[in-house]
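Dear colleague,

Please find below the structure that I am handing over to you. I would be grateful if you would look through it alongside the notes that come after it.

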Amino acid sequence: MSNFAKTLATATSTATKLSGPIVYNAKVAGQIAKQVYVREGMAPPSGAQFESAKEATLKFVKSARSANTWKNISKDQYLKAGLVAAEAYAFFLVGEIVGRRNFVGYDVKSADSHEEHH
């Protein structure tokens, strides 16, 4: 039996063993979500709610284009907006670290290590 066949057999065996618990946990999560949905009285948004959100967004964009809007904002509101932006940036950085699986940078070869090609 070749190495590829052994690896494939091992992967298939592992996947078969894990499929039961994965399916079970997915069903449990679905049932919990369903209970929360029903108990909290959740429902998808109606067409009127979509229109209301659209109008509010357009109103916000139009008011943001006005210079007077920016003059009426207090320093406290600017500070709060800055803190929210810093928090969002921090979450972005944590996501980058998790995605790289490394705290500092990517594993990139330096230009010096490519001397044998020149």
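The notes below go from the overall fold to one salt bridge and one surface patch.

Please bear in mind that this is a predicted model. The secondary structure of the protein chain consists of 4 helices and 0 strands, so that its elements, read from the N terminus, follow the order α-α-α-α. Of its 118 residues, 0% count as buried. The protein chain exposes about 11000 Å², and 64% of that area is supplied by carbon and sulfur atoms.

The structure contains 1 salt bridge. The partners are Lys-80 and Asp-76, whose closest N and O atoms are 3.6 Å apart. Both residues belong to helix H4 (residues 75-100), and because they are 4 residues apart there, about one helical turn separates them. In general, side chains of opposite charge can pair when their charged atoms come close. As to their surroundings, Lys-80 is exposed, at a relative accessible area of 51%, whereas Asp-76 counts as partly exposed, at 43%.

The other feature is a nonpolar patch on the surface, formed by Tyr-24, Val-28, Ile-32, Val-36, Tyr-37, Val-38 and Met-42. Together these residues have about 680 Å² of accessible area. One of them, Tyr-24, lies in helix H1 (residues 3-39). Tyr-24 has a relative accessible area of 55% and is therefore exposed, the cut-off being over 50%.

With kind regards

Technical notes. Residues numbered from 1 in each chain as written. Predicted model: local features only at pLDDT ≥ 70, side-chain atom pairs only at ≥ 80, totals over all residues. Heavy atoms only, no water. Patch = residues over 30% accessible without salt bridge, like charges linked within 9 Å, V, L, I, M, F, W, Y side chains within 5 Å. Areas by Shrake-Rupley, 256 points an atom, 1.4 Å probe, with all protein chains shown as cover. Salt bridge = Lys/Arg side-chain N within 4 Å of Asp/Glu carboxyl O. Helix = DSSP H or I, 4+ residues; strand = E, 2+ residues; numbered from the N terminus. Buried < 20%, exposed > 50% of the residue type's maximum accessible area, 1.4 Å probe, protein only.
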